[in-house]
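This report describes the fold, the packing and some local features of one protein chain. The sequence and the model are shown first.

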Amino acid sequence: MRLQRHGSKKRPFYFIVVADARAPRDGKFIQKIGTYNPLTVPASISLDRQKALEWLHKGAQPTDTVRRILSFKGVLYLKHLLRGVKLGLFDEATAMTKFAKWHEEHEAKLKQRNEEHKRSSQRNRRSGPPVRRVQRNDQPAEGPAEA
């Protein structure tokens, strides 16, 4: 599982794909499972959680960046919970309630983070660029006077 770069120069846009390790970065792939756009604030990620989970169960190894994206979207946590079900630690209903609780908390954190970002960007827009004051010759300069 890795990112496949698209977009123009200095404007990256990525597909999250499952590909053979020997295939080139932007070459042949097996299945497209999502997209990632790092230019938006916050970065926009769309991911088919079920397909990603299936590929992880089949043994697909994600790259570091894709691993972070899967973790952010909760796919790795869901895999962890389903492994607990397989080992008999708890049943599948309990695993799904744990995941639903995590998902709600995660969405609340994201919403709060987005609101804080909007507020800070509005504050920065209101203040405007810094104003440089020009000193005139007829006004005395501030600071220690020379004797």
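A charge is said to sit over a ring if NZ of Lys or CZ of Arg is within 6 Å of the ring centre and within 35 degrees of the ring normal. By that rule, Lys 58 lies over the face of Trp 55, at 4.4 Å from the ring centre. The model is predicted.

## Overall layout

The protein chain contains four helices and four strands. Along the sequence they follow the pattern β-β-β-β-α-α-α-α. The chain has 147 residues, of which 24% count as buried. Among contacts in the chain with a separation of 6 or more, 34% are between residues 24 or more positions apart.

## The sheet

The four strands form an open sheet in the order β1-β2-β3-β4, with antiparallel pairing. Because β1 and β4 stand at the edges with a single partner strand each, one side of each has no neighbour in the sheet. Neighbouring strands are turned by 25° against each other on average, direction ignored.

Strands β1 and β2 run antiparallel and are joined by five bridges. Two residues of β2 can be placed against their partners here: Phe 15 is the bridge partner of Gln 4, and Phe 13 is the bridge partner of His 6. On to the next pair, β2 and β3 also run antiparallel, with five bridges between them. In that pairing, Phe 15 stands opposite Thr 35 in β3.

## The hairpin of β1 and β2

Six residues lie between the strands of this hairpin, and Gly 7 takes a positive phi near 95°. Lys 10 is found in the loop between β1 and β2. Its phi is near 65°, a positive value in a residue other than glycine. Most residues other than glycine have a negative phi. As for its surroundings, Lys 10 is exposed, with a relative accessible area of 70%.

## Helices on the sheet

Helix α1 lies across β2, β3 and β4, and runs at about 120° to β3. Helix α2 packs on the sheet and touches β1, β2, β3 and β4. The direction of α2 makes about 80° with that of β4.

Which residues of helix α2 are buried? In this helix, which spans residues 64–73, they are Val 66, Ile 69 and Leu 70. These residues are on the same side of α2, because they cover an arc of only 100° around the axis. The cover over them includes the strands β1 (2–6), β2 (13–18), β3 (31–37) and β4 (44–47), along with the helices α1 (49–58) and α3 (75–87). Asp 64 and Arg 68 are exposed and sit on the face of α2 turned away from its buried side. Just after α2, Gly 74 takes a positive phi of about 90°.

## Leu 82 in helix α3

Leu 82 lies in helix α3. Leaving aside neighbours within four places in sequence, Leu 82 is in contact with Leu 53, His 57 and Met 96. Leu 82 and Glu 92 are ten residues apart along the chain, and their C-alpha atoms are separated by 7.2 Å.

## Aromatic rings and charges

A pair of aromatic rings is described by the distance of the centres and the angle of the planes. With centres required to lie within 6.5 Å, the count comes to four aromatic pairs. In one pair, the rings of Phe 13 and Phe 15 have their centres 5.8 Å apart and their planes at 85°, so the pair is edge-to-face; the cut-off for that class is over 60 degrees. Phe 13 is partly exposed, with a relative accessible area of 28%. Elsewhere, Tyr 77, Phe 99 and Trp 102 form one aromatic cluster.

Besides the placement of Lys 58 over Trp 55, there is a charge over the ring of Phe 90. It is the charged end of Lys 98, which sits 4.4 Å from the centre of that ring.

Conventions
Residues numbered from 1 in each chain as written. Predicted model: local features only at pLDDT ≥ 70, side-chain atom pairs only at ≥ 80, totals over all residues. Heavy atoms only, no water. Buried < 20%, exposed > 50% of the residue type's maximum accessible area, 1.4 Å probe, protein only. Arc of directions from axis to C-beta. Contact = heavy atoms within 4.5 Å. Phe/Tyr/Trp six-rings, centres within 6.5 Å; stacked < 30°, edge-to-face > 60°. Pairing = 2+ DSSP bridges. Axes fitted to C-alpha atoms, helices over the stretch in contact; angles between N-to-C directions.
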